[in-house]
Amino acid sequence: MKFVHTADLHLNVTLSHASFRDARQHEHRVQELRDAFFRLLEYVKKHEVDMLLVAGDMFDDENMRFFEMQTLFKKLGELSAEVFLLIGNHDTFLHGEAYQSLIRESGVHMFDSDTVRHRFDSVDVYGLNTRDFKEERLDSLNASLDPSKDNILLLHGDVSNKRDDHYLTDVDTLGKTGFDYIALGHIHKHAFLKPHIAYSGNLEPLDFSETDPRGFIEGTLEDGRLNVTFKKFQSRAFLVHEIEITEE
């Protein structure tokens, strides 16, 4: 089974912490962020990916026009891959019934307090939305795992900084569970915290604090054998140059 793990697309974000010459240039960059999403969908098609995991914050807030969201979910629903969408701290509005109905119609798999697992022949995919996470629920999911199948978990939040308002739990606690792969969102910088626990990071940098490579994680998982790699995908980069100024 081949999968792609992405997160933190922030599709309708206002880039307030980056400098642009004018509003037109800003809008052009915002469009590039959306284009990255569509490029990813083309990658999923071309490389015959079986599952697309979106680990939260697909949107920045609810200000995107509804018809634009319809277009995005229609594109997701047209994929032959199974698509899983977690709700992060920025897109909590997706819990609303109108959005839930839209997503159900697209065929995208969601998670809620009642639906924390989607079952397939050889793999089970679990998810706890940011607002639903509790360590007791994690323990309960772990106790329910079918060891004869591959098990994937989607989470959105911080697992390193306890001061983060969206801190979940620590990496060691996650590592002691029986999940074969844990797909994390919330931190924009890609990182493998353990061989099977990773932040994908975002597809495109949003400002000058995001100078590291941006992309997604591609992997295969079969009978507990995991192989994952980070794929650089960004179309642009924020570069910081130091310039020495002399009196001349």
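In this predicted model, arginine 29 forms a salt bridge with glutamate 32, and their closest N and O atoms lie 2.8 Å apart. Both residues belong to helix 1, which spans residues 23–46; being 3 residues apart there, arginine 29 and glutamate 32 are separated by about one helical turn. Counted by the same rule, salt bridges number 16.

Helix 1 is a convenient place from which to follow the fold, beginning with its helical partner. Helix 1 packs with helix 2 at an angle of about 20°, and their axes are 10 Å apart. The two helices are therefore roughly parallel to each other, and the crossing of helix 1 and helix 2 is left-handed. On the helix 1 side, Arg34, Phe37, Phe38 and Leu41 take part, meeting Glu68, Leu72, Lys75 and Leu76 of helix 2. By class, the contact of helix 1 with helix 2 contains 5 nonpolar and 3 charged residues, with no polar ones.

Helix 2 (residues 66–77) also packs with helix 3 (residues 97–106): their axes come within 8 Å and cross at roughly 30°. That angle makes helix 2 roughly parallel to helix 3. The crossing of helix 2 with helix 3 is right-handed, whereas that of helix 1 with helix 2 is left-handed. Helix 2 contributes Phe66, Met69, Gln70, Phe73 and Gly77 to the contact, while helix 3 supplies Ala98, Tyr99, Leu102, Ile103 and Ser106. The contact of helix 2 with helix 3 comprises 7 nonpolar and 3 polar residues, and no charged residue appears in it.

Turning to the strands, one open sheet has 6 strands in the order 4-3-2-1-11-12, with mixed pairing. Its edges are formed by strand 4 (109–110) and strand 12 (225–232), each of which pairs on one side only. At one of these edges, strand 4 runs parallel to strand 3 (residues 82–85), and 2 bridges join them. Within this pairing, phenylalanine 84 has histidine 109 of strand 4 as its bridge partner. Helix 1 packs on this sheet as well, touching strand 1 (2–6), strand 2 (51–54), strand 11 (215–222) and strand 12; the direction of helix 1 makes about 170° with that of strand 1.

A further open sheet, also of 6 strands, follows the order 5-6-7-8-10-9 and likewise has mixed pairing. Strand 5 (117–119) and strand 9 (191–194) stand at its edges with a single partner strand each, so one side of each is left without a neighbour in the sheet. On average, neighbouring strands of this sheet are turned by 20° against each other, direction ignored. In general, the strands of a sheet pair through backbone hydrogen bonds, in either a parallel or an antiparallel sense. Strand 9 and strand 10 (residues 197–199) show the antiparallel sense, paired over 3 bridges. Here phenylalanine 192 stands opposite alanine 198 of strand 10. This sheet, too, has a helix to follow: helix 4 (residues 135–143) lies across strand 6 (123–128) and strand 7 (150–156), and runs at about 170° to strand 6.

Methods
Residues are numbered from 1 along each chain as its sequence is written. This is a predicted model: local features need pLDDT of at least 70, side-chain atom pairs count only at pLDDT 80 or more; totals for chains, interfaces and linings use all residues. Side-chain values use heavy atoms; hydrogens and water are left out. Two strands pair if DSSP finds at least two bridges between them. Helices (H or I, at least four residues) and strands (E, at least two) are DSSP runs, numbered from the N terminus. Axes are lines fitted to C-alpha atoms, for helices over the stretch in contact, and angles run from 0 to 180 degrees between N-to-C directions. Contact means heavy atoms within 4.5 Å. Angles under 35 degrees count as roughly parallel, over 145 as roughly antiparallel, 65 to 115 as roughly perpendicular and the rest as oblique. A crossing is left-handed if the near helix is turned anticlockwise from the far one by less than a right angle, and right-handed if clockwise. Ala, Val, Leu, Ile, Met, Phe, Trp, Tyr, Cys and Pro count as nonpolar, Asp, Glu, Lys and Arg as charged, and the others, Gly among them, as polar. A salt bridge is a side-chain nitrogen of Lys or Arg within 4 Å of a carboxyl oxygen of Asp or Glu.
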